[in-house]
Structure formats: C-alpha cells, structure tokens
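Subject: Structure for your files

Hello,

Here is the structure I said I would pass on. Please open it alongside this message.

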Amino acid sequence: MPKTKNNKKDGVEQIVAKAFAHPLRVQILIILNEKVASPNMLAQQLDESLNLVAYHVRVLEKYDCIELVDTKQRRGATEHFYRAIRRQFLSDDQWAQMPTSLRPGMAAAVLKSIFEDIEAASKAGTLEEVDELHISRTPVVLDKQGWSDVTDLLNGSLDRLLEIQTESTARLGESKEEGTPSRIHVLHFKSPTADELKSIDSADEAKPAGS
C-alpha cells in the first residue's frame with residue numbers, strides 16, 4: 001500500500017472509521033486510483049450532489065488517502081483535481097479489526113464498481129475482444145487451513161499483479177506500444193449453506209405480495 005504524505009503508520013481506527021466508513025468514500029477512492037478527477041467530475045460520474053461528494057473528498061484528503069495535484073479556473077471558481085495515494089483495499093489485519101457494522105457498506109461499494117466494470121465492458125464489446133480472456137467460477141469446500149492457504153495465494157497474486165503493473169508502465173514509457181486497459185476482479189467469500197438458502201427462500205415466500 002502506498003505511503004501517505006506524512007509517512008505515518010495510520011491506525012485502524014483512523015483509516016477505517018473515518019476514511020472507509022462511508023461507501024461513497026470507497027467509490028471515490030476507487031475512481032481516484034484510476035484517474036485524476038475533481039469533485040465536480042466525481043459527482044457527475046457517481047450521480048451524487050456536488051456538496052456531498054466535496055464533503056467526502058475533504059475527509060479522504062484529511063486522512064491522507066488522496067492529494068491535490070492541480071487547480072483550474074472554471075467560470076470564476078477554482079476547480080480542484082485529486083488523485084489517490086492509498087489503495088481502496090485494506091490489509092487482512094485491518095479488515096479483521098474493522099467493525100462488522102462497516103463491512104457490508106465497504107463490500108457493497110467495491111461490488112458496485114465490479115458490476116459497473118463488467119456491464120461497461122459487455123456493452124462496449126470488449127469483454128470478449130482479447131483472446132486471453134479469463135473468467136472462472138470455482139466452488140470449493142475448505143477447512144481452516146485451506147481457507148488460510150487460499151487467502152495467502154490471493155494476497156501473493158495481488159502483490160505480483162501490482163509488480164506487473166509497475167513493470168508494464170516502465171515498458172510503455174520506453175516504447176510506442178499503446179497500453180491495454182484491463183480490470184482484474186478477485187472474489188473469495190463464504191457461500192451460504194443449503195439450509196441457509198432454504199431459510200432465505202422461506203423468508204421471501206412469507207413476505208406479503210408487493211413488499
């Protein structure tokens with residue numbers, strides 16, 4: 001994870017409770033990890049009010065998740081442009097210490113971005129454009145050690161992915177090759193059991209029509 005501007009080791013309470021506590025802040029951070037943008041641009045992309053987005057941008061800046069990189073005069077006002085200096089994910093230790101009440105909101109924000117990525121690629125026809133496409137769904141049953149082993153595997157893959165990104169950026173800077181935008185989504189989660197699925201179905205059937 002990139003260092004913050006003050007190079008302090010941020011506490012979990014500061015990062016999670018403040019920077020990551022609101023799903024909209026996670027969505028903003030996801031966007032600013034990919035491009036430089038102003039609150040006005042973010043508000044348009046997220047279909048949220050400018051005042052609300054600007055507030056959450058200030059929170060992210062306060063906790064050293066983003067930084068100001070440029071300003072421009074727009075119709076007598078100054079537009080501020082930001083980029084992320086912290087990735088939009090937490091370490092395993094930070095996630096483990098995150099209050100359970102905050103986890104659904106953060107997970108939902110990331111999943112929303114994933115669904116939007118897939119929908120955009122499908123509509124644009126780029127989902128099947130490259131021959132080396134990878135899409136897989138692999139149900140497995142794991143013991144505690146197996147779960148830990150998968151977690152380590154995925155963490156290692158993520159570390160290597162970031163290294164490949166850095167290496168690619170260096171090569172692109174030296175060549176005339178045009179880079180290929182891509183998205184890598186990795187999910188590993190506990191699936192509901194058959195009994196839990198039945199309980200959900202029963203609860204849905206018990207709801208009054210139209211509720």
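Below is what was found in it, starting with the core and then turning to two helix pairs.

Please keep in mind that this is a predicted model.

The core: the largest nonpolar core has 26 residues, and those touching the most other members are Ile28, Leu32, Leu42, Val57 and Ile66. At least two residues of this core come from each of helix H2 (23-32), helix H3 (39-46), helix H4 (50-62), strand E2 (77-84) and helix H6 (103-124). H2 gives the largest share, seven residues. Leu32 also has contacts beyond its neighbours within four places in sequence: Ala37, Leu42, Ile66, Tyr82, Arg83 and Ala84.

H2 with H4: the axes of these helices lie 10 Å apart and the packing angle is about 75°. Angles of 65 to 115 degrees count as roughly perpendicular, so H2 and H4 are roughly perpendicular to each other. On the H2 side the contact uses Leu24, Arg25, Ile28 and Leu29, and on the H4 side Leu52, Val53, Tyr55, His56, Val57, Val59 and Leu60. By type, the residues of this contact are nine nonpolar, one polar and one charged.

H3 with H4: here the angle is about 120° and the axes are 9 Å apart, and H3 and H4 are therefore oblique to each other. Their crossing is right-handed. H3 contributes Pro39, Asn40, Leu42 and Ala43 to the contact, while H4 contributes Leu50, Val53, Ala54 and Val57. Seven of the residues in the contact of H3 with H4 are nonpolar, one is polar and none is charged.

Regards

Technical notes. Residues numbered from 1 in each chain as written. Predicted model: local features only at pLDDT ≥ 70, side-chain atom pairs only at ≥ 80, totals over all residues. Heavy atoms only, no water. Core = buried A, V, L, I, M, F, W, Y, C linked by side-chain atoms within 4.5 Å. Buried < 20%, exposed > 50% of the residue type's maximum accessible area, 1.4 Å probe, protein only. Helix = DSSP H or I, 4+ residues; strand = E, 2+ residues; numbered from the N terminus. Contact = heavy atoms within 4.5 Å. Axes fitted to C-alpha atoms, helices over the stretch in contact; angles between N-to-C directions. Parallel < 35°, antiparallel > 145°, perpendicular 65-115°, else oblique. Nonpolar A, V, L, I, M, F, W, Y, C, P; charged D, E, K, R; others polar. Left-handed = near helix turned anticlockwise from the far one by under 90°.
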